[in-house]
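Here are some short exercises on one protein model. Try each task before you read its solution.

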Amino acid sequence: MHAALEQQQSGQYNQICTRSSSPAEAEACPAQRSRKPRRKWQVFPGRNKFYCNGRIMMARQTGVFYLTLLLILLTSGLFFTLSDCPFLASNLTPAIPAIGGVLFFFVMGMLFRASFSDPGVLPRATPEEAADLERQIASCPSGPGYKPPPRTREVLINGQTVKLKYCFTCKIFRPPRASHCSLCDNCVERFDHHCPWVGNCVGRRNYRFFYLFILSLSFLTLFIFAFVITHCCCFGGGGLSLTRPRTVLEVVVCFFSVWSIVGLSGFHTYLISSNQTTNEDIKGSWSTKRGKDNYNPYSYGNILTNCCAALCGPLPPRSAGSGWDRLGQAGSRDRLGQAGSRVRPGLRLSAGRGTPPPLREPQFNNRLAQIMGGITSSFVHLSVINIIIFRGKHLDIL
Amino acid sequence: PLKNTNICFHNLQELRHSASLATKVFIQRDYSEGTVCRFQTKFPSELDSRIERTLFEETVKTLNSYYAEAEMIGGQSYLEGCLACATAYIIFLCMETRYEKVLKKISGYIQEQNEKIYAPRGLLLTDPIERGMRVVSFFHGRLFTAQNLGCKCDEKSSRCF
């Protein structure tokens, strides 16, 4: 389809016909030969997995996501199907399974939405754009006076100086609040953290789903925990008293497992109300320890406005946030541009010849994810075991 | 032999596909107002001889205003957000978000601008959504039309003979 063009002798610029034709008519042109078009997600350079013809987008490692699913389904399944819920429904009120059911479906819905949607990935620069940026960088060398080093740009936002860094992998200057996720190998807008529990990065487009997921999950776990306690203590009859040390220990452990999720919700509520990301909070970007005049330029100043902006603000659609329609077809430009990286999805893009080695981002998001994952997993594991023990005691199995 | 493999540009779609053969000018984002989508209105020097400054600035300013409208946080966006949350976001299967509606308006506007202003001057403006709202790019270069090729193109059916 793409052959050499004749150079116009006179060098004049000619009118371009802008009327669009249908694809069928375009095919009729004998000079055009189109090979089988590839979808954009098939040539996506990052380390993501796609399902359902590009509609579902997740990180490479999804094992922990299946664990999350299993834990939630197991805990809820035990509560709803075994004698707890039917017992309470008949003895207290049938509203209990109703509310529990609604909460459960909301939790699952938010989990799927957070896991499967595009977090706001920034598409990599085309070769021409990268070359243009390189030219711009080369033309302003860092002189002796106070000038930012060539691979950074400084921008004044709301009176606060923000540094925009150059991403060697994506070959772009990252917008403010964007960060490069080393696990997914993408730059993500308003990057919060990479959550292994959800199996995806948490960024601009799925932060609200993530927040609603942990919030509703904390309500669900509290709900289950409270009613299991009620069932065992108030209706359990003999054999279960809070004065026995084993029981106390179990209640305490279960409480802590619930606490970790509730604690996480509380932490994110704080982040939302101050309009910060986890990434910024860990690095202390807007903390007053860095300087007296340091403040968060993105905050609206008002807690309510910050919350509304984060949760009820406009949601950029899939093709907007990531800049490409995953279901659309990769243009030849994309094919040419991404040819080098199309070989295998797992292949990391090299920084290019002649450029300095890529700067390693501090692995905060990675480490935090691991720590959080470790604590939460042990607590949630124990909570499930404890619910089983509670049940077992009640049924005189253990 | 070269003549047999030449192609006629009948529409913008084809132009975009062979854009690697044209020169590009990139307009970057303006982050001075935060993370809101805005493009720099600074006139690039490469376009100096191709287009009038005022026309360019007007295009970029209109685009900026459309994006500001899309991302505006106000009563309507709150209502949409709360309604969506209450229905667990299922409502978006039936309804288009306001952002999507504005994006459609923007692509219509860009198409119109290309037809009226940029194409006659041998330029092509791309929709920033294709590049993640990072840049607005202008293609310019030595492109030629069907007439110059000696191609007897039937305008109505846009087929190449």
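The model is predicted.

**Exercise 1. Work out the strand order and the edges of the open three-stranded sheet in chain A.**

Step 1. Trace the order. The sheet runs E4-E5-E6 in chain A, and the pairing is antiparallel.

Step 2. Look for strands that pair on one side only. These are strand E4 (152-157) and strand E6 (172-173) of chain A, the edge strands.

Step 3. Check one pairing. Strand E5 of chain A spans residues 160-167 and joins E6(A) through two bridges, in the antiparallel sense.

Step 4. Find a facing pair. Tyr166(A) stands opposite Phe173(A), a residue of E6(A).

A general point helps here. Sheet strands pair through hydrogen bonds of the backbone, and the pairing is either parallel or antiparallel.

**Exercise 2. Describe the largest nonpolar core and find which element gives the most to it.**

Step 1. Start with the members. The core holds 44 residues, and Ile72(A), Phe210(A) and Phe213(A) touch the most other members.

Step 2. List the elements of chain A that give two or more residues. They are strand E2 (56-59), helix H2 (63-81), helix H4 (95-116), helix H6 (207-234) and helix H7 (245-273).

Step 3. Pick the top contributor. H6(A) gives the most, with 14 residues.

Step 4. Zoom in on Phe210(A). Set aside its neighbours within four places in sequence. Phe210(A) is then in contact with Ala114(A), His193(A), Cys195(A), Val198(A), Val202(A) and His268(A).

Step 5. Look for another core. A second, separate one has 27 residues, including Cys37(B), Leu47(B), Val60(B) and Ile117(B).

**Exercise 3. Place Gly122(B) in its chain and decide: buried or exposed?**

Step 1. Locate the residue. Gly122(B) sits in the loop between helix H4 (98-118) and strand E2 (123-125) of chain B.

Step 2. Apply the cut-off. Gly122(B) has a relative accessible area of 3%, and buried means under 20%. Gly122(B) is therefore buried.

Step 3. Compare sequence and space. Gly122(B) and Arg50(B) are 72 residues apart in sequence, and their C-alpha atoms are 8.0 Å apart.

Step 4. Add the record. An unreviewed UniProt entry annotates residues 25-136 of chain B as "domain: Golgin subfamily A member 7/ERF4". The end C-alpha atoms of that span lie 8 Å apart, and the span is 46% helix and 8% strand.

**Exercise 4. Summarise chain A as a whole.**

Step 1. Count the elements. Chain A has 12 helices and 10 strands.

Step 2. Check burial. Of its 398 residues, 50% count as buried.

Step 3. Turn to the surface. Chain A exposes about 19,000 Å², with 63% supplied by carbon and sulfur atoms.

Key. Residues numbered from 1 in each chain as written. Chains lettered and ligands numbered in written order. Predicted model: local features only at pLDDT ≥ 70, side-chain atom pairs only at ≥ 80, totals over all residues. Heavy atoms only, no water. Helix = DSSP H or I, 4+ residues; strand = E, 2+ residues; numbered from the N terminus. Buried < 20%, exposed > 50% of the residue type's maximum accessible area, 1.4 Å probe, protein only. Areas by Shrake-Rupley, 256 points an atom, 1.4 Å probe, with all protein chains shown as cover. UniProt positions renumbered as here; feature names shortened; annotations may be inferred. Pairing = 2+ DSSP bridges. Core = buried A, V, L, I, M, F, W, Y, C linked by side-chain atoms within 4.5 Å. Contact = heavy atoms within 4.5 Å.
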